[in-house]
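User: I'm new to this one, so could you take a close look at one buried spot and its contacts, then walk me outward from there? Keep it casual, and explain the terms as you go.

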Amino acid sequence: MSLMIQTFDFSFPSCDGIHTCHAKEWVPEGRPRGVVQIVHGVAEHIGRYDPAARFLASHGYVVCGEDHLGHGLTAGGKFGYFGPKNGWSLVSRDIRRLRELGAERHPSLPYVMLGHSMGSFLTRTYLIRWPGTVSAAVLSGTGQEAACAVASGKALAGALCRVKGPDHVSSLLNDLSLGAYNKAFKPNRTSSDWISRDEAAVDAYLADPLCTFIPTVGMFRDMMGGLQFIANKKNLAKMNKTTPVYFLSGSQDPVGSMGKGVHKVAGLFRCAGCKDVTVKLYPGGRHEMLNEINRQEVFEDLLFWLESKLT
């Protein structure tokens, strides 16, 4: 089955009361089978998901997503900055607002949240804060650093926020966090070998003017706070236990500690009482399985899982 696809750009006011969130939608011809909302990662934007979105739309799913605060066409030129305070909550609420708009635009359809990397952390936050408001969730390239590492990262970022301001950019903090991911892939061809084995995909990422910026210390502080929130067992207990969750990652993804972190998070979900948890690790795959050399296989597996859970 292959359907004609229309794409639409639209916008809505951010919960910060300042910015306008840029959003995109891929709509198949005929009556859709469901909606998939994509939640993108750090230092990228929703437009990068066009191949995956077109694949899902060609099989009858509406796909939508927004550029987070400090990202893509929402950033207004100020990249890598959620805001002076409560940034994680603001971005989570923008994701929730798009979910509400999706229900208005496409009422009564099954609704799936698909989060990648930082977007998977935001999706996990969503599942805690608004349980039972999605039919299923997909977590791509997720992980969970040790609590002590998260706490020390948050403390360092917080100290830099107080001294330099939350919109300060620290190369040191970036080198200690995102910059460390490439070390496992020496000798390195580029600074982003860790995202995919597909050299063309890596080069396209590095050439994209809306990508590759260094997040501010405020964003690092907010993200570390988000990681603490989604590791808290009392918070995890708030999730809807019947929502099916699909973890997909590469076995060589440093964000998921080469697979160990993915199983760790799946274990947290199971311990919280979640009844339908599936883990798929692709041998040799790196961080962005939707942009990997075997992306077609990943797309087909995702479609099969969606159809098994939504019908």
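Analyst: Let's go to Gly141. Setting aside neighbours within four places in sequence, Gly141 is in contact with His116, Ser117, Ser120, Leu248, Ser249, Asp253, Val255 and His287; contact here means heavy atoms within 4.5 Å. Before going on: this is a predicted model, where local features need pLDDT of at least 70 and side-chain atom pairs count only at pLDDT 80 or more, while totals for chains, interfaces and linings use all residues. Residues are numbered from 1 along each chain as its sequence is written, and side-chain values use heavy atoms, with hydrogens and water left out.

Where does Gly141 sit? It is in the loop between strand E6 (136-140) and helix H4 (147-164). The helices and strands are DSSP runs numbered from the N terminus, with H or I of at least four residues for a helix and E of at least two for a strand. Gly141 has 0% relative accessibility, so it counts as buried. The cut-offs are under 20% relative accessible area for buried, over 50% for exposed and partly exposed in between, with a 1.4 Å probe and protein chains only. One of the contacts, Ser117, is 24 residues away along the chain, yet its C-alpha atom is 4.8 Å from that of Gly141.

Another contact of Gly141 is His116, and strand E5 covers residues 111-116. Leu114 has its place in that strand. Leu114 has 3% relative accessibility, so it is buried. Apart from neighbours within four places in sequence, Leu114 contacts Val36, Gln37, Ile38, Val39, Thr123, Val138, Leu290 and Leu302. From Leu114 to His45 it is 69 residues in sequence and 14 Å in space, C-alpha to C-alpha.

Ser120 also touches Gly141, and helix H3 spans residues 118-129. The axes of H3 and helix H2 (residues 87-105) come within 10 Å and cross at roughly 75°. Those axes are lines fitted to C-alpha atoms, for helices over the stretch in contact, and the angles run from 0 to 180 degrees between N-to-C directions. That crossing makes H2 roughly perpendicular to H3. As for the angle words, under 35 degrees is roughly parallel, over 145 roughly antiparallel, 65 to 115 roughly perpendicular and the rest oblique.

Which residues do the meeting? From H2 come Trp88, Ser89, Val91, Ser92, Arg93, Ile95, Arg96 and Arg99, and they meet Met118, Phe121, Leu122, Thr125, Tyr126 and Arg129 of H3. Sorted by type, the residues of this contact are 7 nonpolar, 3 polar and 4 charged. In that sorting, Ala, Val, Leu, Ile, Met, Phe, Trp, Tyr, Cys and Pro are nonpolar, Asp, Glu, Lys and Arg are charged, and the others, Gly among them, are polar.

Two of those residues turn up again around rings. Arg99 lies over the face of Tyr111, 3.9 Å from the ring centre. A charge sits over a ring if NZ of Lys or CZ of Arg is within 6 Å of the ring centre and within 35 degrees of the ring normal. Lys24 does this as well, with its charged end over the ring of Trp26, 5.9 Å from the centre.

Then there's Tyr126. The structure has 7 aromatic pairs. Tyr126 and Trp130 have ring centres 5.1 Å apart and planes at 40°, so their pair is tilted. Rings of Phe, Tyr and Trp (its six-membered ring) pair when their centres lie within 6.5 Å, with planes under 30 degrees apart called stacked, over 60 edge-to-face and the rest tilted. Tyr126 and Trp130 are both buried.

Just ahead of H2, look at the loop between strand E4 (61-66) and H2, where Asn86 has its place. Asn86 has a positive phi of about 55° although it is not a glycine. Ala43 also has a positive phi of about 55° without being a glycine, and Ala43 is in the loop between strand E3 (34-39) and helix H1 (50-58). Buried or exposed, for Asn86? Its relative accessibility is 53%, so Asn86 counts as exposed, whereas Ala43, at 4%, counts as buried.
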